Amino acid sequence: MKKLLFLFLLLASCDNVEEYYEDAYCIENINIIDAKQGLKENMTIIISKNEIIKIEKTSNFNLSKKNNIINGSGKFLIPGLWDSHVHFAFEEELASSMFNLFMAYGITSVRDTGGEINFLKEWKDKSKTNPDLYPRVKIAGPLIDGKFNVYNGNSVSFPPLSVRTASVKETEVQVKELIENGVDFLKAYEMLTPEQFGVITKIAKENGLKVSGHIPLSMDVITASNIGLNSIEHLRNIEMSSTSNMEELLTIRRNALENKKGLLGSSLRTSLHKSQRMSSIKNIDSVQLKKVLNVLAKNNTWQIPTLILYTGWAYQLYKGLEWRSTFDFLPIEIKEKWNSQIDIVESSVLNPDYTKDISDNSERKDFADWGQSMTRLMNKMDITFMAGTDTPIGWQTPGYSLHNELEMLVKSGFTSLEAIEAATYNPALYFNMEDKLGLIKEGYIADLIILSDNPLNNISNTKKIETVIKNGNLMNREFLNSLLKEQREKK
Ligand SMILES: [Zn+2]
């Protein structure tokens with residue numbers, strides 16, 4: 001075997017000797033972009049089975065015509081994208097369409113941030129049965145919430161995404177059970193007590209798992225970060241810890257959380273958001289905010305701001321032609337449901353419950369803008385980000401929505417390459433997979449996208465997808481279109 005390899009290397013190194021790669025394909029003369037190397041022009045990449053086996057300057061190759069060669073001239077290759085905040089369980093009847101939609105939009109991996117464990121395991125297990133065709137699925141299981149849990153299944157807007165834990169002991173039991181069930185990380189939610197939150201981070205550390213979540217309303221962001229919150233979704237509740245009267249606000253919240261009126265968890269949370277969120281944003285204290293951001297930077301507490309969720313809602317971006325055209329790829333019943341929900345919102349009869357926290361339209365815009373300005377500030381301080389969207393919440397078509405989030409990150413001061421990093425290398429790093437995923441390097445898993453235009457010139461070019469490669473499996477535009485069509489025709 002060694003002798004053969006030597007012979008091959010000798011032959012390959014001689015001029016004029018043609019190289020042939022069996023059981024492989026070669027993408028010739030393509031421009032490669034990843035978060036660590038930036039742009040490398042005119043490269044040839046060899047993929048065999050599910051792996052990138054060789055990358056070199058095209059001029060260094062002398063490929064035999066017998067190879068399976070794909071001409072990449074004028075095109076751009078980026079790593080497969082992650083949507084780091086999705087919910088398979090939010091609209092269960094859409095879940096069976098989500099794999100196709102993700103793949104067609106180049107989302108080769110997703111991180112599900114909350115849902116019933118058995119339902120999620122079903123999708124995670126299914127994705128493993130065909131890694132060539134389905135996105136990689138990482139799951140948290142249910143939101144781990146407190147005694148008055150928010151997502152308790154009491155209304156359509158609050159499906160049972162969470163597990164209620166009424167005591168520290170119950171929290172402990174739940175966390176251990178989730179870990180036994182093979183979750184990839186844990187998600188802590190807003191109605192936990194500090195003691196319950198503490199037990200989650202403690203067990204997570206013992207098991208080498210990360211804890212993501214919303215800052216519990218009973219806590220401030222600095223304490224949560226110090227105790228071991230690894231990442232924050234939606235920048236949630238950071239503002240309440242960034243005013244000069246943050247201690248006073250915290251005391252008010254803690255009293256309210258005793259819930260003497262016996263409100264539903266969702267109503268209790270909404271009332272606290274209503275009373276403290278916008279007033280905090282209007283009264284941010286620059287010294288206190290600086291203190292908060294320094295702690296997040298020092299503790300390496302990551303952010304998944306889901307900017308498109310709030311901006312899409314506040315600025316009614318879902319009315320845009322491109323956004324609405326993606327509804328055509330949804331099963332017809334979902335499309336009709338979303339269209340009628342939007343019509344109802346338009347006629348101002350109903351706000352979806354998750355946006356009830358802010359009823360005033362200009363405040364909604366202020367909140368969305370605040371998210372962008374915080375993102376800009378945090379990125380300047382080298383706080384790490386992941387791109388996530390909360391799809392399908394907010395009428396966000398799975399797959400498509402991630403490209404909108406990339407645009408939002410760039411709008412918030414990211415370079416295009418930083419936006420790509422937030423959707424490729426960073427999630428791989430989050431799940432300790434950075435040695436094999438998220439970059440375009442020899443030995444890495446071949447999860448890749450071929451674009452017809454340069455995303456570094458315009459991040460919207462990530463939508464110009466010609467080919468998606470998942471686990472080495474090459475899917476051309478025609479095939480990707482067939483995946484979309486399959487959804488549309490689903491009854
Ligand atoms: Zn979410």
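## Helices across the parallel strands

In this predicted model, helix 14, formed by residues 400-411, lies across strand 6 and strand 7. Its direction makes an angle of about 95° with strand 6.

A further helix, helix 3, spans residues 117-129 and lies across strand 7 and strand 8. Helix 3 runs at about 155° to strand 8. Strand 7 is thus named in both arrangements, with helix 14 and with helix 3.

## The three-stranded sheet

Strands 6, 7 and 8 belong to an open sheet of 3 strands, arranged in the order 6-7-8 with parallel pairing. The edges are occupied by strand 6 (81-86) and strand 8 (136-139); because each has a single partner strand, one side of each is left without a neighbour in the sheet. On average, neighbouring strands of this sheet are turned by 15° against each other, direction ignored.

The parallel pairing of strand 6 with strand 7, which covers residues 107-112, extends over 4 bridges. Within this part of the sheet, Asp83 stands opposite Val110 of strand 7.

## The antiparallel hairpin

Further along the chain, a hairpin is formed by strand 16 and strand 17, with 2 residues between them. Strand 16 comprises residues 465-470 and strand 17 residues 473-476. The two strands pair in the antiparallel sense over 4 bridges, and Ile469 has Leu474 in strand 17 as its bridge partner.

Which residue in the turn has a positive phi? That residue is Asn471, with a phi of about 55°.

Notes:
Residues are numbered from 1 along each chain as its sequence is written. This is a predicted model: local features need pLDDT of at least 70, side-chain atom pairs count only at pLDDT 80 or more; totals for chains, interfaces and linings use all residues. Side-chain values use heavy atoms; hydrogens and water are left out. Two strands pair if DSSP finds at least two bridges between them. Axes are lines fitted to C-alpha atoms, for helices over the stretch in contact, and angles run from 0 to 180 degrees between N-to-C directions. Contact means heavy atoms within 4.5 Å.
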